[in-house]
Amino acid sequence: MISIISDSHLGTHRQAGTTPASQVALKEYLQDEFRTLVNGRIHNHVIINGDIFDSFSVDPGELISAYCTLESHITNGGLLTLIAGNPDESAKGAKTSSFHLLAFMLETHFPDNVQVVDHQSGLTSVSDGVWSIPHMLNQDLFNIEIDKAIAAKPCGAFLLLHCNVLSPFAEHADHSLNLDQDQIDALIGAGWQMVVGHEHTGKQYEGGKVILPGNQIPSSISDCLGNKNMAKYYAVIDGDTLDLVKWLELDQVYAEINWQDIDTATLECKKFIRVTGDCTAEQAADMVGRVSKLRQASTAFVVSNNVKIEGVAQMEGLAELTSENLARFDVLGALLEELTEAEALVVRELLC
């Protein structure tokens, strides 16, 4: 049996809605949950379908922790396939990413147990009946590999991808790949069932022929929204059968609360808190004070302020500004928090 996980984003650096202490705690939480996921209920062959790290280069301590987790899995008899995601590849230089450094260390020590699939590999067999196309350096190269998969009908039943699906925002950004409807139709016609990493919210298309399990470990408020049954899943392939296995009930870590109920709410175990509601301009100072107090006193990693202030309903991210923190306000960070995952990715690519 094969377990497919993705988008762990180890080493993430969230700014909006956090404190310096909660940023550190979030990184430790991601490593702890990743360790539990890989070495807990998961199966012998683990496939990481992209984005094990949050960025091209992460702190060495993050890489070492990931290595120790995967080393434990392998030394206990496990197999590992590492598939490159979009943070793991760069078309703009020859530097080595944290992903490739991790891959080199693991391949060197466990050559019989570790397989690495990156843009140089292209369409690659990762197990009997299971193939993968990693993140490629641009859309044209990705399209070439898709065409290979369409032509290779006897290859297998399952195709693993790391890309956007039906995203209008990714179509013109080289480093943000998109699987369009014509490609989906052709791949299904060739006999493939697809499992896609990159998007953090679980979705299904074409009657389950295209499955986006989403990420298993939330690292932001947006990771907790819009998921089927308010839960996180990973994919399991057993022979010719694909199932989704529930990993996390999101109500264990996520809560949404009206700002007027902050003082009476029980939120001790929540790691991601979304403050909502409406307030008048006269109530704004009280609201901001309550959210700030919650952020400082809570053990949550992220406390987001999504309260709509009368007259500035679309400016929630700016509602917390004061003269004291204006100088260090992260404009880009606030903007990215307000965008969808696909929109934020396009903005980042334009700024590179």
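I began with the contacts of the protein chain: of those with a separation of 6 or more, 64% are between residues 24 or more positions apart. I note that the model is predicted, and that the protein chain holds eight helices and 19 strands.

Next I looked up burial and surface. Buried residues make up 52% of the 352 residues in the protein chain, while the chain exposes about 15,800 Å², of which carbon and sulfur atoms supply 52%.

I then turned to one open sheet, in which three strands follow the order S15-S16-S18 with parallel pairing. Strand S15 (254–258) and strand S18 (302–305) each have a single partner strand and stand at the edges, so one side of each is left without a neighbour in the sheet. From one strand to the next, I find that the twist averages 20°.

Within this sheet I followed the pairing of strand S16 (residues 272–276) with S18, where the two run parallel and are joined by four bridges; for Arg 274, the bridge partner in S18 is Ser 304. I also looked up what lies across these strands, and found helix H6 (residues 284–297) placed across S16 and S18, running at about 170° to S18.

My last entry concerns His 198, which sits in the loop between strand S10 (193–197) and strand S11 (203–205). I asked myself whether His 198 is buried or exposed. The relative accessible area of His 198 is 6%, and because the cut-off for buried is under 20%, I record His 198 as buried. The side chain of His 198 also makes a polar contact of 3.5 Å with the side chain of Asn 164.

Note on methods. Residues are numbered from 1 along each chain as its sequence is written. This is a predicted model: local features need pLDDT of at least 70, side-chain atom pairs count only at pLDDT 80 or more; totals for chains, interfaces and linings use all residues. Side-chain values use heavy atoms; hydrogens and water are left out. Two strands pair if DSSP finds at least two bridges between them. Axes are lines fitted to C-alpha atoms, for helices over the stretch in contact, and angles run from 0 to 180 degrees between N-to-C directions. Contact means heavy atoms within 4.5 Å. Buried means under 20% relative accessible area, exposed over 50%, partly exposed in between (1.4 Å probe, protein chains only). A polar contact is a pair of N or O atoms within 3.5 Å; within protein, one must be able to donate a hydrogen and the other to accept it, and residues adjacent in sequence count only if both atoms are side-chain atoms. Accessible areas come from the Shrake-Rupley method with a 1.4 Å probe; for residues, only the protein chains shown count as cover.
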